[in-house]
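User: Could you take a close look at the salt bridges in this model for me? I'd also like to see how some of the helices around them are arranged.

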Amino acid sequence: MSLKQPGDGKTQELYAQTGKTWGRDRDVSLGNVALSSTLLFGTPFVVLYFWMSCTHYECSLYAPIKYIKDHDYTAAAVKEALIDKHPRHSLDAAKIYFAWVTFQALLYAVLPGKIGYGQQTPAGHILPYKVNGLLAWTISHILFLAGAFYFGWWDASIIHDQWGPLLVVANLYGYFLTFFVFLKAYTFPTHPEDRKFSGHMLYDLMMGIELNPRIGKLWDFKLFHNGRPGIIAWTLINLSFAAAQYNKIGYVTNSMILLNILHATYVLDFFYNEDWYLRTIDIAHDHFGYYLAWGDTVWLPYMYTLQSHYLVRNPVDLSIPHFLLVAAVGFTGYYIFRAVNNQKDIVRRKKGKCEIWGKPATYIPTKYVTSDGKSHTSILITSGFWGWSRHFNYVGDLLISLAMCLTCGFRDLLPYFYIIYMFILLVHRVYRDDTRCRGKYGKYWDEYCRIVPYKVFPGIW
Ligand code: NDP
């Protein structure tokens, strides 16, 4: 069967009417534009507020508000509680930051690595990627630890010590990157036919225009910024916060150690399976705008490490049962996360000719069309975890995230931001992905949803 438009039935009619392709945005409402603008200019203040709460109020989210309330909401109180507490810029932080990004960019460019391939883009490209993240992670960590403990070039707590000034420079870089890729999309796009224009500048700034902006054939903005300065930094930030905790109380708490292990497991898994990551929504479907550019440079390093920041300000010694319970939740989550993602990767790579849980894999053969008019085939797996729900991998992620938060005990809300945020992010993704997959696969996606009716939690939703 050859399809003239992606999908069938209603979806096909929609595309026929609008001339748009799956993976491109459909009509962007004014609500979408308003939300994009709010996020575009509001999210730095969210990060700032969390940083400030941790740095100046022992990680209490309520304390700054209480201060203002106790001082009758005067302008002077607002100034004292919030404005005067903003992070200061520093030349040292700027040097550290740019040395870090440049160093990572060089590692990405020069280190050897196998070539992995992404998912077919809506315009029909299958792009090569240099997969050398694990080596970059290893070199970065050896250098950081050797610099701190062998050569004495810096204190291991350096990242913690510069956390405020680094926030200033990370924001500057995040916005610079956002505007740079926005202009690049107009002036020298890498794959012009894989751009997405919504007709609203603020929305395009937020969600990105180019799908895969690149310099040269292999230096990919999205893989680099998603993976390298942000995710490699994640474990270094944790180590530095552990060192700061040691400097403060003379030892490293078991909660901090467990948190470091959980985060490191997640990060190392990411780099060990970097080839797999090329075919996830982040790389395969999201365009590169503020959402990923600023998200990778500010949101990820600052908001994903809130628990380690919390544990410096509020050291927690976990009881052995609490420690074991958190570890069990975390590693169960990790097992689910990895097993579900592996199932999809293996079955897709073997084109369905393999076994899942001792039985031949079951799947729906599908067809879809790229914007060059060519028809392609793929499969939607319906066995194993993918028969339980359409995103069972998200359950694993939520459990890992919960465990990371639970290392901080139950006194404050701030460390639980991560699980709340992950929940919202993943639920939103379920809907985004559903729209995109229905556009791409049409009646095959409807059939898949009929066979696998649950979105995430089997039997519930
Ligand atoms: P998925 O790995 O679920 O990928 C969804 C895509 O897979 C769909 O767009 C479709 O793409 C394909 N697909 C959907 N159903 C099937 C099926 N039955 N059989 C085969 N292919 C299918 O989602 P994500 O990329 O969002 O997540 C990947 C992992 O990353 C998850 O474990 C998630 O929890 C984690 N994650 C972590 C985040 C963090 O910040 N820590 C953020 C986001 C995700 P197509 O058919 O076009 O290939």
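Analyst: Let's begin in helix α20 (residues 443–451), where Arg450 and Glu447 are separated by about one helical turn because they sit three residues apart. Helices here are DSSP runs of H or I with at least four residues, and strands are E runs of at least two, both numbered from the N terminus. The side chains of Arg450 and Glu447 meet in a salt bridge, with 3.0 Å from N to O; the term means a side-chain nitrogen of Lys or Arg within 4 Å of a carboxyl oxygen of Asp or Glu. Arg450 is exposed, at 58% relative accessible area, while Glu447 is partly exposed at 31%. Elsewhere, salt bridges that share partners link Lys114, Asp275, Arg279, Asp345 and Arg349 into one network.

A word on what you are looking at: this is a predicted model, in which local features need pLDDT of at least 70 and side-chain atom pairs count only at pLDDT 80 or more, while totals for chains, interfaces and linings use all residues. Residues are numbered from 1 along each chain as its sequence is written, and side-chain values use heavy atoms, leaving out hydrogens and water.

Within that network, Arg279 and Asp275 are joined through their side chains at 2.8 Å, N to O. Arg279 counts as buried, with 18% relative accessibility, and Asp275 is buried too, at 19%. (Buried means under 20% relative accessible area, exposed over 50%, and partly exposed in between, using a 1.4 Å probe and protein chains only.)

Helix α19 (residues 417–441) holds another pair, Arg436 and Asp433, three residues apart, which is about one turn of the helix. Their closest N and O atoms are 3.8 Å apart in the salt bridge. Arg436 is buried, with a relative accessible area of 12%, and so is Asp433, with 9%. Over the whole structure, a search finds 18 salt bridges.

Now for the helices. The axes of α11 (residues 254–272) and α16 (residues 320–349) come within 11 Å and cross at roughly 5°. The two are therefore roughly parallel to each other. On the α11 side, the contact (heavy atoms within 4.5 Å) involves Asn254, Leu258, Ile261, Leu262, Thr265, Tyr266 and Asp269, and on the α16 side Phe323, Val326, Ala327, Gly330, Phe331, Tyr334, Phe337 and Arg338. Another pair is α8 (residues 163–187) and α14 (residues 290–303), whose axes approach within 8 Å and cross at roughly 170°. That angle is why α8 and α14 count as roughly antiparallel. Among the residues making this contact are Trp163, Tyr173 and Tyr175 of α8, together with Tyr290, Trp294 and Tyr302 of α14.

Tyr175 leads on to helix α2 (residues 30–57), the home of Phe41. Setting aside neighbours within four places in sequence, Phe41 is in contact with Tyr175 and Leu202. Phe41 is partly exposed, with a relative accessible area of 45%. The C-alpha atoms of Phe41 and Met206 are 9.8 Å apart, although their positions lie 165 residues apart along the chain in numbering terms.

For the angles above, axes are lines fitted to C-alpha atoms, for helices over the stretch in contact, and run from 0 to 180 degrees between N-to-C directions. Under 35 degrees is roughly parallel, over 145 roughly antiparallel, 65 to 115 roughly perpendicular, and the rest oblique.
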